[in-house]
Structure formats: C-alpha cells, structure tokens
Amino acid sequence: MVDTAAAQAPSNAGAFRVVANPSPMPEADREAALADLKFGTQFTDHMAHITWTRDGGWGDYRVEPYGPLTLDPAAAVLHYAQEIFEGLKAYRWADGSVWLFRPAANAERFNRSARRMALPELPVEDFLNSVTSLLAVDNAWVPGVEESSLYLRPFMFASEAFLGVRPAHVIEYLLIASPVGPYFAGGVKPVSIWVAQGFHRAGPGGTGDAKCGGNYAASLLPQQQAYDHGCQQVLFLDARESRYLEELGGMNVFVVRRDGSVETPRLTGTILEGITRASVIQLLEDQNFKVVEKDITADEVVAGVESGDIAEVFACGTAAVVTPVGRLACPDFDVAINGGEAGDVTMRIRKALTDIQYGRADDTYGWMQRVV
Ligand code: PLP
C-alpha cells in the first residue's frame, strides 16, 4: 500500500481552472443539508473534470459547476461498462482543518483498476490535485459533526461515441463529493449478513480486484436477496468451490477468534484490496494481535461461532469504517455472533482508526494528509 506520493507536494501538472457555479446552494440551505446527513444523496456545488483523448492524453483540467453531463447515447460506457471508480473521505478536525486518509493509496488502486479495464492511467498527482482543487472551492461542504465526512467519489468512464468493442479513445475523469453521515442508518449497530446463494461476485482472471461498476451491478441481485431475508449486506463466497469467504458487496471481512487471533481472507485477485483492510491489519498487529490472511470457509465460521471459538466478525471499508456483524444467515444456517452485540476488538479497532482519521490520536503512520 503506497502512501509516499501523498507526502510529496503535488506537482502543478494539470492545474485546474475554476468555473464557479453561478448559483451555489445558499449558505442556510447548505447548513440545513449538513445538519441532516444521509449517505450519497446530496452533492456539493462543484466537480473536478479532466478529459483524455488517445491523441492528446489528459487535458482540459477544470473544476466546474456540479450538474448533469451531456453524453452521446452511443457513449461506450453505456454499452460495455468501461468504467472505474474510487471512494475516499475528507475529515474535518475539531480545529476546523480538513484531512484526507491515505489518498495516494486510492490513486494507486485507481490506476490498477484502470489497467484492468483498459483505461488510461491518471498520474497520481493529477488524482490528488483534483481532490485538493475541488476541496479548495467546496471546503464549506465538509461537515463537522461527529462521524460525518465529505465522501469523495473519483470515477473514469468511456465517453467516446462508438459501438465497436474496443478500449475507447475518449475518456472522462470526474470527481464529485457528497457530505455523509453513517453508512448504515442507525449508526454503529451490528449488521446482519446474508451469504449469497448461487451467485458469485468474481472469478479467477475476472475483475474482482478492480473497482469497476460491473462488479457492483452483478452484486445487486444477491444484495436484493439479502434485503428480502432481513439482512443489510451480502457476503460472497469464492466462485470455484462456494466454500471460502471473499468479501461483502462493498466491504472486506474479518473474523476474531476467542484466543485473540484475527483472520481475514487472503488477497486472491478476486477481492478488492481494501485500504481500510490494510490499515486495520496494521493497527491490530501494533496492538499485538496476531493477524492471519488465509482461506476461511463459511462452515468453519459457523462452527466457530456455535462453539464460541469465534468471538467476533466485523466488516470494514471507507464508507462503513469498521462495522460489527451480528448475524450470518442463509438457508443452511442462521447464527448470532457475540449474542448479536458489537464485540470489544471490533469497537477498539474502530476507535483506533477513527481517532486517527478525526485527529483525536497521533498519526504515527503518516496516513493523514492536510488539504485545507
Ligand atoms: N470491497 C469492496 C467490494 C468495496 O467496494 C470496498 C470499498 O471500497 C472495500 C472492499 C473496502 O475498500 P476500502 O477500505 O479501500 O474502502
């Protein structure tokens, strides 16, 4: 996981010109919106935008009014889903300053996703500049109440109007931002998880370790089944044997044993390499937990929960931070984990991570980068 580029001052490659929104949201309305935060429903006044062409490369760096795009109906993304995205957050500290968490790791992963989807790589400094340039104009949209943040969504897609199946020659990169409260309504409460039946998220050689929209489109039907069974999230098993835990629709998963050891599925190429996952592993190890990245079967988790050998299960990701899992269900089993309550290790690691993100603890790892 690369954080070094974040420490370097971004180059002035691609300075963003600002086209100010002529009618930004009035301050009183913005304050009202920031006092009633949901997830991903409200957007700031501007967005960053860069266009790539095969002949000219990246150009026309701008921060422009947030608003609908004009897209040709033949735009390749609408037909062949050549698209990737990222997710990171800007946090407002108590002193009013605004910080990012490991943004260079997102920029690096964006480029890994780009390579897999035959999209052009975006220089890390352009990615970081897009974030700092947008925050320079929309800083007032970073909320200050507890557990809130400004969720940043960089994405890139094939805009070329062409129906042939090949990598597009015109690509748009955009960054939009959305002030957010907790991902799951009701704050930090254990979530129920449905184990996907007959559906897999990714297979060997597929796009499971890329953050591309198609992965999420394929997860929607099993996610709907999870809702239908009273669960908030779906857990995917491996495509080869349907035995091993992979990840949730939008989070990585950890298992805490009674003896204090912690396990998480190893990176096989079919799961997303979460930045929260890597950070949680580091934090756990530094608190003297033994962390093992390995194959974990659903059967052994259920047996472990039933015998008491497994004390906690939690999920983690940028959006939901660290979230306790209170129940694991499918037609074959339905088990309550830790009596359906949040476990101590889960909440301890959640606190350690959020204390760094919100500036309440020393950032001994150099993970935070100040933007405003
Ligand atoms: N797995 C999937 C499928 C995701 O969409 C995400 C969210 O980005 C994660 C895991 C967690 O990744 P991160 O911690 O980098 O947000």
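This passage describes the two domains of a predicted model, the interface between them and the ligand site. Residues are numbered from 1 along each chain as its sequence is written. Local features need pLDDT of at least 70, side-chain atom pairs count only at pLDDT 80 or more, totals for chains, interfaces and linings use all residues, and side-chain values use heavy atoms, with hydrogens and water left out.

The domain assignment gives domain 1 (17-180) and domain 2 (191-357). Such bounds come from an automatic or database domain assignment. The domain centres, taken over C-alpha atoms, are 28 Å apart. Domain 1 brings 21 residues to the contact, and domain 2 brings 21 residues. Contact here means heavy atoms within 4.5 Å.

The size of an interface is often given as the accessible area lost when the parts come together. Between domain 1 and domain 2, the buried area is about 1800 Å². This is the accessible area (1.4 Å probe) that two parts lose on being put together, summed over both. Carbon and sulfur atoms give 57% of the area. On the side of domain 1, Phe-85, Phe-101 and Arg-109 supply 32% of the area buried against domain 2. No other three residues supply more.

Polar and charged pairs also cross the interface. There are 2 salt bridges between the domains, each defined as a side-chain nitrogen of Lys or Arg within 4 Å of a carboxyl oxygen of Asp or Glu. Across the interface, 12 residue pairs are in polar contact, with both residues at pLDDT 80 or more. A polar contact is a pair of N or O atoms within 3.5 Å; within protein, one must be able to donate a hydrogen and the other to accept it, and residues adjacent in sequence count only if both atoms are side-chain atoms.

On domain 1, β4 (83-85), β5 (88-92) and α4 (103-116) each supply at least two residues of the side that touches domain 2. Helices (H or I, at least four residues) and strands (E, at least two) are DSSP runs, numbered from the N terminus. The largest share, 6 residues, comes from α4.

The ligand has 17 residues around it, counted when a heavy atom lies within 4 Å. Lys-211, Tyr-216, Glu-247, Thr-276 and Thr-318 come nearest. A polar side-chain atom of Glu-247 lies 2.5 Å from a ligand nitrogen atom. A polar side-chain atom of Arg-109 lies 2.8 Å from a ligand oxygen atom.
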